[in-house]
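Visitor: Could we take a close look at one part of this model, namely the aromatic rings that pair with each other, and go through them slowly?

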Amino acid sequence: MTYCAGILVQDGLVMIADTRTNAGLDDISTFRKLHVFSWPGDRTFGLMTAGNLSVTQSVVSLLHEGLPNPETGESDTLQGATSMFRAAQLVGRAIRHVRSEDGPALKDAGVKFDVSMLFGGQIKGQPMRLFMVYGAGNFIECGMDAPFLQIGEHKYGKPILDRAITHKTHLYDALKVGLISMDSTMRSNLGVGLPIDLIVMRRDADAPELNRRIEAGEPYFHDLRERWSAALRAAHTAIPRPPYEPKSP
């Protein structure tokens, strides 16, 4: 399983992804699902992936190498995209290219072509944007009214983001809430787990401000988990019980 969240606020973008690809009694594997494409001084993109690992790896490799353009005979690359919209289109094209190449063989083997991605970042002089790209290569964009997008096992972490995130949320408060959202998902689904990869991109900066991996036992994340659990217990204790209990005769 997978959980990835992208949070776009007025000061920048936070992207958080777990790394667990398989979870069983004796088979737990990890693989990086957050990929950074950066040309300092010009553009920085983050790409998070969910779905069939062979498919997502192929898409990421294509984006690194470039996609052949039959009209020009050259390769289209993220570095050459003229806007974030065009860059998101390129991600969609890469997904469709892999589907056309590998889809029939996967279908014959009884394997579902399963992929979704979060793609965000900024090109110098243009707005910072965040997109969710689907398996068909189409995409939607994050907006001010709903300043986050999720892929993978999103249902456990979504209520946290719904209640706490607005467009005006401080950039590092967004990171904090995103980590609480990740912790809530990890507690409810063993298919999502540490390590956690994250990046923070400040609007109009030349490169990622923070690019970090949180390993098991990391002091801040451990403290965050304990404080959040304690805060939830204190909150429900402070709320009066429902006045519905039958009175004793």
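**The aromatic pairs**

Guide: Let us begin with Phe85, which is partly exposed because its relative accessible area is 34%, a value that lies between the 20% under which a residue is called buried and the 50% over which a residue is called exposed. Please keep in mind that this is a predicted model. Phe139, at 22% relative accessibility, likewise counts as partly exposed.

These residues belong to a wider set, for the structure holds four aromatic pairs. In one of them, the ring centres of Trp39 and Phe45 are 6.3 Å apart and the ring planes stand at 70 degrees, so the pair is edge-to-face, given that planes over 60 degrees apart are classed in this way. The two partners differ in how much of them is accessible: Trp39 is partly exposed at 23% relative accessibility, whereas Phe45, at 0%, counts as buried.

Returning to Phe85 and Phe139, we find that their ring centres lie 5.6 Å apart with the planes at 70 degrees, so this pair, too, is edge-to-face. This pair links distant parts of the chain, since Phe85 sits in helix H2 (residues 84-108) while Phe139 sits in strand E11 (residues 139-141), 54 residues apart.

Finally, Trp39 and Phe45 are part of a larger group, because rings pair when their centres lie within 6.5 Å, and such ring pairs link Trp39, Phe45 and Phe119 into a cluster.

How values were computed. Residues are numbered from 1 along each chain as its sequence is written. This is a predicted model: local features need pLDDT of at least 70, side-chain atom pairs count only at pLDDT 80 or more; totals for chains, interfaces and linings use all residues. Side-chain values use heavy atoms; hydrogens and water are left out. Rings of Phe, Tyr and Trp (its six-membered ring) pair if their centres lie within 6.5 Å; planes under 30 degrees apart count as stacked, over 60 as edge-to-face and the rest as tilted. Buried means under 20% relative accessible area, exposed over 50%, partly exposed in between (1.4 Å probe, protein chains only). Helices (H or I, at least four residues) and strands (E, at least two) are DSSP runs, numbered from the N terminus.
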